[in-house]
Amino acid sequence: MRKSQRGYARQDRVKEQIMRELAELVRTGLKDPRAGFITINEVEVTRDYSHATVYYTVLDDSTRDITAEALDHARGHLRTELSKRIKLFKTPELHFVYDESLERGMSISHLIEQVAAEKPVED
């Protein structure tokens, strides 16, 4: 007998909740002046919820390294605050990774536009 689908799996719901809470914490609770305008793009959680990889981008590309240091420094504080907001058996260790997918997408889009401008469309 097949199990019925009940919408999102628990892991997906946990990922979404961690993403929402971290976005709020970074926006309001991170007082480090080195941290610029940070956007949380995606969160991946291991099956046992022991580790969470947080993909982020920054508004100003020149502050990328400084923001990475600030997030690395605030990792423990963010995990503690996350544990107060989300009730899990074990709050995951946070690993921050800069998300380069937007930059790659823009680069590919620019290359496609260049090729399209150089080559006329033949019928």
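**Exercise 1: an aromatic cluster**

Work out which residues form one aromatic cluster in this predicted model.

*Solution.* Start by counting the aromatic pairs: the count comes to two. Take Tyr56 and Phe96: their ring centres are 6.5 Å apart and their planes stand at 75 degrees. Planes over 60 degrees apart count as edge-to-face, so Tyr56 and Phe96 make an edge-to-face pair. This pair links distant parts of the chain, with Tyr56 in strand β2 and Phe96 in strand β3 (residues 93-98), 40 residues apart. Now turn to Tyr56 and Tyr98, with 5.7 Å from centre to centre and 80 degrees between the planes, again an edge-to-face pair. Here too distant parts of the chain are linked: Tyr56 is in β2 and Tyr98 in β3, 42 residues apart. Put the pairs together, and Tyr56, Phe96 and Tyr98 form one aromatic cluster. As a last step, check the burial: Tyr56 and Phe96 are buried, and Tyr98 is buried as well.

**Exercise 2: the hairpin and its turn**

Find how strands β1 and β2 are joined, and then describe Tyr49 in the turn.

*Solution.* First look at the strands: β1 covers residues 38-45 and β2 covers residues 51-58. They run antiparallel, and seven bridges join them. For one bridge, start at Val43 and go across to its partner in β2, Val54. Next, follow the chain from one strand to the other: five residues lie between β1 and β2, which form a hairpin. Tyr49 sits in this loop. Its phi is positive, about 60 degrees, although Tyr49 is not a glycine. For comparison, most residues other than glycine have a negative phi. Is Tyr49 buried or exposed? Its relative accessibility is 15%; the cut-off for buried is under 20%, so Tyr49 counts as buried.

**Exercise 3: the two sides of a helix**

Decide which residues of helix α2 are buried, and how they are placed around the axis.

*Solution.* Begin with the buried residues of α2 (residues 64-73): Thr67, Ala70 and Leu71. They cover an arc of only 95 degrees around the axis, so they lie on the same side of α2. The spacing helps to picture this: an α-helix has 3.6 residues a turn, so residues three or four places apart point the same way. Now look at the face turned away from the buried side, where you will find the exposed residues Asp65 and His73. Finally, ask what covers the buried residues of α2. The cover includes β1, β2, α3 (75-85) and β3.

How values were computed:
Residues numbered from 1 in each chain as written. Predicted model: local features only at pLDDT ≥ 70, side-chain atom pairs only at ≥ 80, totals over all residues. Heavy atoms only, no water. Pairing = 2+ DSSP bridges. Helix = DSSP H or I, 4+ residues; strand = E, 2+ residues; numbered from the N terminus. Phe/Tyr/Trp six-rings, centres within 6.5 Å; stacked < 30°, edge-to-face > 60°. Buried < 20%, exposed > 50% of the residue type's maximum accessible area, 1.4 Å probe, protein only. Arc of directions from axis to C-beta. Contact = heavy atoms within 4.5 Å.
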